[in-house]
Amino acid sequence: MEKKIFSGVQPTGNLHLGNYLGAIKNFVELNNDIKNDCIFCVVDLHAITVKQDPNILKNNTRETVATFIASGIDPKKSIIFNQSKVKAHSEAAWILSCTARTGWLSRMTQFKEKAGKDKEKASVGLYSYPVLMAADILLYDTTHVPVGDDQKQHLELCRDIAQKFNNDFKVEDFFKVPEPLIQKEFSRIMSLKDGTKKMSKSELSDLSRINLTDNADQIINKIKKAKTDPLPMPTSKDELENRPEAKNLIEIYSSLSGLTLEKSVIEFSGKNFSKFKESLSQVLVDKIQPISKEIKKLLSEKSFLDKILKEGCEKADKIASNKMKKIHEIMGF
Ligand code: TYM
């Protein structure tokens, strides 16, 4: 069966190794399979759920497109566009917010994490953010959504919204109920400074993540400084369970080198971390440096990136407006 793929990435700068291994690397594989129809969205409406500088946002949108292309997504094959330019997203988000229940949204752990202690000061948008994400997905009859592990709960909510809408309006199968595509391994890359915390754009210390724009020296330096534990390298996969930093670094190595986790553990079993870190830096530089160079090159071709977005928006708008027309009929508008 042909798969309809949709996924989104926020243009909030500092796209990192977690975004790459958890999501973008899979986008590229899905893009390369001719049986798939892929749409990759730069979700600028999601970005404004926290304060953004408009000029920086504009550049970050281009940088996200550049990252997609530099990583290997072909804009001739996949639709790449930015969310704010296809109006159906905002409209569908409102309509679906009347289907979603407040009880469902209050259970979202990402809101609790992002809002922090002072929930009263969080924007309403940050709270209803997963409804907009459901709108993104459902407008395109998406069958599969490739994401990292942190988006799992949002996808379950999207499925609930689709099913409730179909039931409420007695329109069986109108919204397709999408399947998440979350890898079994490497779907949650952790901070280089704390193996129990997710690698994240918003973490203050730049040493906590490998950015996709980092050069070789920065990568080597960050891996040198990455937190480890005082023991030698683990000798079995089971040992990883109680050693979060070692687990994260070996998983990164395994994912990038294409070796299984078992083989990666055996390769460095009982050695000291400094030897392992040299090999890890090498696979990282081999993978990230070409991407980072290409991003920088593409960023100097602003009109090329803008053209990709414009063409992508036109294609996406056709599909989304068509679905929106049908939603209007269903709603009695
Ligand atoms: P965002 O922009 O936070 O992250 C983009 C993608 O990167 C994945 N990711 C990670 N994967 C593994 N380890 C990590 N440390 C890590 N950090 C981030 C995320 O899981 C995500 O796949 N709400 C979404 C964007 C979105 C979306 C959508 C996704 C909006 N609409 C529709 C899918 C479908 C987000 O904020 O992702």
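Visitor: Which residues come nearest to the ligand in this model?

Guide: Of the 27 residues around the ligand, the nearest are Gln10, Tyr129, Asp136, Asp150 and Ile189. Keep in mind that this is a predicted model.

Visitor: How should I read polar contacts here, and what does glutamine 10 offer the ligand?

Guide: Look for pairs of N or O atoms within 3.5 Å. In the side chain of glutamine 10, an N or O atom is 2.8 Å from an oxygen atom of the ligand. The side chain of aspartate 136 has an N or O atom 2.7 Å from a nitrogen atom of the ligand. Methionine 199 takes part through its backbone, where an N or O atom lies 3.0 Å from a ligand nitrogen atom.

Visitor: How much of the ligand does the protein bury?

Guide: The ligand exposes 720 Å² when taken alone, and the protein buries 97% of that. As for its location, the ligand sits in the largest pocket. Strand E1 (4–9), H1 and helix H7 (124–138) are the elements that each give two or more residues to the shell around the ligand.

Visitor: Let's turn to valine 28. Where is its place, and is valine 28 buried or exposed?

Guide: Valine 28 belongs to helix H1, which covers residues 17–32. For burial, compare the relative accessible area with the 20% cut-off. Valine 28 is buried because its relative accessible area is 12%, under that 20% limit.

Visitor: Which residues is valine 28 in contact with, beyond its neighbours within four places in sequence?

Guide: Those contacts are Ser71, Gly72 and Ile73. With serine 71, the sequence separation is 43 residues, while the C-alpha atoms are 7.1 Å apart in space.

Terms used: Residues are numbered from 1 along each chain as its sequence is written. This is a predicted model: local features need pLDDT of at least 70, side-chain atom pairs count only at pLDDT 80 or more; totals for chains, interfaces and linings use all residues. Side-chain values use heavy atoms; hydrogens and water are left out. Helices (H or I, at least four residues) and strands (E, at least two) are DSSP runs, numbered from the N terminus. Buried means under 20% relative accessible area, exposed over 50%, partly exposed in between (1.4 Å probe, protein chains only). Contact means heavy atoms within 4.5 Å. A residue is near a molecule or strand if one of its heavy atoms lies within 4 Å of it. A polar contact is a pair of N or O atoms within 3.5 Å; within protein, one must be able to donate a hydrogen and the other to accept it, and residues adjacent in sequence count only if both atoms are side-chain atoms. Accessible areas come from the Shrake-Rupley method with a 1.4 Å probe; for residues, only the protein chains shown count as cover. On a 1 Å grid over the protein atoms alone, a cavity is a set of points where a 1.4 Å probe fits but cannot get out, and a pocket is an open set with protein on both sides within 12 Å along at least five of seven lines; lining residues have an atom within 4 Å of a point. A molecule sits in a cavity or pocket if more than half of its atoms lie within 2 Å of its grid points.
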